[in-house]
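Reader: I would like a close look at one part of this structure, namely its interior. Please state the cut-offs behind each term as you go.

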Amino acid sequence: MLNRKTSHFLGMRVQSELEHLSELRREAGKDRISVRGSAARTRASVRTQSTAAAAAAAAKADEDPGANLFPPPLPRPRICMWKYLDIHSMHQLEKTTSAEEMRQVLAELLELGCPEQSLRDAITLDLFCHALIFCRQQGFSLEQTSAACALLQDLHKACIATPLGDVEECYHYFTSVLFCHGVRRPPFSIDLFKEEQLLALEDYVVNTYFRHFKLYKYVFTPQVRLDLSLTYIGLQPPKLWPESETEKEESKEVEEQAVTPQEEELETVAPPEPEPSHIHILRAYIKTQMNKELEELQRLVEEQLKASEERLSSKLTALERPFQLPPGKGKSKTK
């Protein structure tokens with residue numbers, strides 16, 4: 001009888017513990033679900049904040065072109081035939097008989113507003129007008145002329161994409177695009193130009209565009225200014241904003257009014273020489289080093305000028321000498 005009661009009691013106790021354990025598991029599952037939901041909401045809020053920050057940074061970079069000083073990656077070289085000037089545009093340009101008519105048609109095709117009022121539009125129009133004249137002189141076909149103008153346009157876009165100097169990168173990009181139109185290897189390149197035409201086009205772009213590369217940078221890119229400030233350890237930082245002229249005049253008037261006869265007598269006595277401060281010592285050191293560098297630079301320039309003068313004088317003396325035949329050339333052969 002006792003064993004039955006004991007076993008019944010133990011069974012009820014085990015059942016209650018199992019029910020309590022199942023309730024704990026349910027609560028743990030609910031807590032896990034709530035934690036996952038809060039973590040998902042946190043990740044979503046972080047993503048939203050990062051997206052908003054990236055959008056704000058992109059908008060700021062769009063508003064200020066000079067904010068991002070790192071040059072953007074150059075586009076991949078591709079075939080650019082009929083890219084900007086299609087077959088109908090080329091037929092319109094071919095019908096022009098004068099340079100002024102060509103400029104008007106080209107301004108409409110390139111969607112240039114007012115070249116008479118905008119300096120950039122006028123420079124762009126001159127660039128492509130001279131390129132079209134060069135293509136006509138070389139006898140290029142419509143396809144070749146369209147590809148040459150597109151190549152020049154892509155080069156110009158790569159140049160003005162950043163205010164920093166990237167002439168080597170732009171030249172490498174130009175030669176890569178040029179070879180895309182000189183070798184038959186479809187779909188990557190075609191043999192649109194012959195070898196002598198490629199050389200003529202390269203010489204023209206180098207002598208006209210790359211020779212004035214910095215001028216195009218100056219006109220079409222924003223100006224970049226560098227504000228540099230140096231702070232030396234152990235010295236007081238200088239005042240960033242100097243006093244205005246009115247404040248200086250007011251301070252002078254106040255000092256003149258506050259002068260007493262005793263102070264006037266003291267002023268007549270020669271003040272002792274002030275001891276050199278750290279700023280004066282640093283200024284003298286910088287001045288000495290700058291003078292040394294300037295002297296070295298001047299010496300190098302003088303040496304280069306002297307060497308160039310010597311080379312020029314040697315060439316002139318060689319040209320002034322009368323032409324003499326080498327020995328044995330002018331004598332008649334005797335048997």
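Author: What follows starts with the whole chain and then turns to its interior.

This is a predicted model, in which local features need pLDDT of at least 70 and side-chain atom pairs count only at pLDDT 80 or more, while totals for chains, interfaces and linings use all residues. Residues are numbered from 1 along each chain as its sequence is written, and side-chain values use heavy atoms, with hydrogens and water left out.

The protein chain has 11 helices and two strands, where helices (H or I, at least four residues) and strands (E, at least two) are DSSP runs numbered from the N terminus. Along the sequence their order is α-α-α-α-α-α-β-β-α-α-α-α-α. Of the 335 residues, 21% are buried; buried means under 20% relative accessible area, exposed over 50% and partly exposed in between, with a 1.4 Å probe and protein chains only. Taking contacts (heavy atoms within 4.5 Å) between residues at least 6 apart in sequence, 69% join residues at least 24 apart.

A search of the whole structure finds one cavity of 30 Å³ or more. Here a cavity is a set of points, on a 1 Å grid over the protein atoms alone, where a 1.4 Å probe fits but cannot get out, and lining residues have an atom within 4 Å of a point. Grid points are joined across faces, edges and corners, and the volume is the space filled by probe spheres set on the points. For the largest cavity that volume is about 50 Å³. Its lining consists of Ala 131, Phe 134, Cys 135, Ala 148, Cys 149, Leu 152, Leu 201, Tyr 204 and Val 205. Helix H4 (119–138), helix H5 (142–159) and helix H7 (195–208) each contribute at least two residues to this lining. By class the lining has nine nonpolar, no polar and no charged residues; Ala, Val, Leu, Ile, Met, Phe, Trp, Tyr, Cys and Pro count as nonpolar, Asp, Glu, Lys and Arg as charged, and the others, Gly among them, as polar.

In soluble globular proteins, nonpolar side chains tend to be buried together. A nonpolar core is a set of buried Ala, Val, Leu, Ile, Met, Phe, Trp, Tyr and Cys residues joined through side-chain atoms within 4.5 Å. The largest such core has 45 residues, and Leu 93, Leu 152, Leu 155, Val 205 and Tyr 209 touch the most other members. Two or more residues come from each of helix H2 (87–94), helix H3 (99–109), H4, H5, helix H6 (167–179), H7 and helix H8 (213–220). H5 gives the most, 10 residues. Leaving aside neighbours within four places in sequence, Leu 155 is in contact with Cys 170, Tyr 173, Phe 174, Val 205, Tyr 209 and Phe 210.

Thr 145 also lies in helix H5, and Thr 145 counts as buried because its relative accessibility is 7%. Not counting residues up to four places away in sequence, Thr 145 touches Met 90, Leu 132, Cys 135 and Phe 140. Between Thr 145 and Phe 134, 11 residues apart in sequence, the C-alpha to C-alpha distance is 9.3 Å.

Note on methods: 1 Å grid on protein atoms, 1.4 Å probe; cavity = no way out; pocket = protein on both sides within 12 Å on 5 of 7 lines; lining within 4 Å.
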